[in-house]
Amino acid sequence: MNDPSMMLIPDGLHNVYDYSTWNIQVYTVLTDTAGCSWMRGPGTIEGFTAIENIMEHISTVLNKDPLEIRMVNLNRKFTLLRTLIDSIVQSSDYKGNRQAIEQFNINNRWKKRGISLIPMVFGMDYFMNYHAMISIYANDGTVSVTLGGVEMGQGLNTKVAQAVAYALGIDLSMIKITTASSICAPNGGMSGASITSESCTLAALKCAEILNKRLEPIKKKLYNASWVDGIREACAEDVNLNASYMNTSQELNSYSIFGVGVSQVEIDVLTGNYQILRSDILEDAGESLSPYIDIGQVEGAFVMGLGYFLTENIKYDPDTGMVLTNRTWNYWPPGVKDIPIEWNVSLAKNLSNPNGVMRSKTTGEPPICLSYSAVTAIRDALKSARKDSGTNEWFRLDQPCSVEKILLAANVSPDQFTF
């Protein structure tokens, strides 16, 4: 039994394109394949890859640059996305690199290169509640923050600490994020769906707002007093230095995240081996809550997608159903040499999100979609290899794109080994 993703697929299928002339119907079916759990961008990523595969198919049949097909079908309401595409076309030198790749492919029979640009829009909805509790200690003025979300490497604690330090007007070193507790944060939502960091930040900011209001008379009384002196005086006057808040899904409005990825690859036609020569990513993070954290999230999501699309192939025993790919000897998550040789990740500048927490946007899940640009770049390289083999027809390229699948898709036969 798979985790349900039917409600998430349509947005991915629509992606950035004008769907006024077509519609989709999504159905669940019973199969004999193993059940799968949700991961980054569940449902959305499957729909996303489906429509991008369609764009690739159209461009192959019409013998046009896939970017031209994508731009013709782009939804006109996404004016910001057009700006991002124009920007990354320039920064990645897409046109110059495409010409260079075409010349490389003319000069080389057994090494082929490809390039692809993938645009993305990812809808963000808030649908759960999260708690925060802030306690200020009079002895040294330090601040303890307890959250309803779980830090799992996504930077939740860092974003909240930075936001609280800003709201209270104190140094970041004064903030301590404690372990999430259901005692302080009961009945909270799961930590997932790319909404936890922003939701917990909002709840923490509300706590800080409550505390600032309580401390306002003390600040007026002790003009220009230090933070610690003010807190000690507040404690002496029995000011409550503990505040909690639960934000609800109604407090945050939905919004869209945009991104564009360009990848260049080189494949060995005789073995199916490949290298990602370069990837450029431009992500819309609004006014980022923490740029270093968000850059890390973009990079992490992209690499996770590389594993999903290229190397991580789960195999089962046909009789028992036992997972056979249960160790790194036969199950291959991306390693240090699987990332792009040249990798340029940028957050779009001068953007603001009025619906986001402190005008920011989330970065957890959306960038995984952009890693599909590596797959379409491999397809672009394979098109040149197949052309040299005498075929220009559309071909199937299932994921994960193992070296075996790339080799077979290259359509090479021994009679071609002539000089």
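Analyst: A helix is a DSSP run of H or I that covers at least four residues, and helices are numbered from the N terminus. In this predicted model, residues 291–311 form helix α9, and D294 has its place there.

User: Why is D294 called buried?

Analyst: The cut-off for a buried residue is a relative accessible area under 20%. D294 has a relative accessible area of 0%, so it counts as buried. Beyond its neighbours within four places in sequence, the residues in contact with D294 are K159, A285, S288, L289, L347 and T363.

User: What makes the pairing of the D294 and T363 side chains a polar contact?

Analyst: A polar contact needs a pair of N or O atoms within 3.5 Å, one able to donate a hydrogen and the other to accept it. The side chains of D294 and T363 make such a contact at 2.8 Å, so the distance falls within that limit.

User: Turning to helix α2, where E56 lies, why is E56 called buried?

Analyst: E56 has a relative accessible area of 1%, and buried means under 20%, so E56 is buried. Setting aside residues up to four places away in sequence, E56 touches P66, R70, S116, T376, R379 and W394. By contrast with these contacts, the C-alpha atom of V323, which is 267 residues from E56 along the chain, is separated from that of E56 by 33 Å.

User: How do you know that helices α2 and α3 meet, and which residues do so?

Analyst: Residues are in contact when heavy atoms come within 4.5 Å. On the α2 side E52, M55, E56, I58, S59 and L62 take part, and they meet P66, I69, R70 and N73 of α3. By residue class, this contact divides into five nonpolar, two polar and three charged. The axes of α2 (residues 44–62) and α3 (residues 66–73) come within 8 Å and cross at roughly 120°, and the crossing is right-handed.

User: Is A180 buried, partly exposed or exposed, and what makes it so?

Analyst: Partly exposed is the class between the buried limit of 20% and the exposed limit of 50%. The relative accessible area of A180 is 35%, which lies between those limits, and therefore A180 is partly exposed. A180 has its place in the loop between β4 (175–177) and α7 (196–221). Not counting residues up to four places away in sequence, it touches L147, G149 and V150, while W22, 158 residues away in sequence, is 46 Å away in space, C-alpha to C-alpha.

User: Why does I341 count as exposed?

Analyst: Exposed means a relative accessible area over 50%. I341 reaches 59%, so it counts as exposed. I341 is found in the loop between α9 and β8 (342–347), where, beyond neighbours within four places in sequence, it is in contact with Q275, I276 and L277. Q275 is 66 residues from I341 along the chain, and their C-alpha atoms are separated by 7.9 Å.

User: What is the phi of D238, and what class of exposure does D238 have?

Analyst: D238 has a positive phi of about 65° although it is not a glycine. Its relative accessible area is 70%, and since exposed means over 50%, D238 is exposed. The place of D238 is in the loop between α8 (227–236) and β5 (242–247).

User: What makes N411 partly exposed?

Analyst: The relative accessible area of N411 is 34%, which is not under 20% and not over 50%, so N411 is partly exposed. N411 is found in the segment after α11, and it has a positive phi of about 60° although it is not a glycine.

User: How do you know that the peptide bond joining Q399 and P400 is cis?

Analyst: The omega of the bond between Q399 and P400 is about 0°, and the bond is cis. P400 is found in the loop between α10 (372–388) and α11 (403–409).

User: What do the chain totals show?

Analyst: Of the 419 residues of the chain, 48% count as buried, and the chain has 11 helices and eight strands. Among contacts with a separation of 6 or more, 77% come from residues 24 or more positions apart. The chain exposes about 21200 Å², of which carbon and sulfur atoms supply 53%, and its C-alpha trace spans about 90 × 55 × 45 Å along the principal axes.

Key
Residues numbered from 1 in each chain as written. Predicted model: local features only at pLDDT ≥ 70, side-chain atom pairs only at ≥ 80, totals over all residues. Heavy atoms only, no water. Axes fitted to C-alpha atoms, helices over the stretch in contact; angles between N-to-C directions. Helix = DSSP H or I, 4+ residues; strand = E, 2+ residues; numbered from the N terminus. Left-handed = near helix turned anticlockwise from the far one by under 90°. Nonpolar A, V, L, I, M, F, W, Y, C, P; charged D, E, K, R; others polar. Buried < 20%, exposed > 50% of the residue type's maximum accessible area, 1.4 Å probe, protein only. Areas by Shrake-Rupley, 256 points an atom, 1.4 Å probe, with all protein chains shown as cover.
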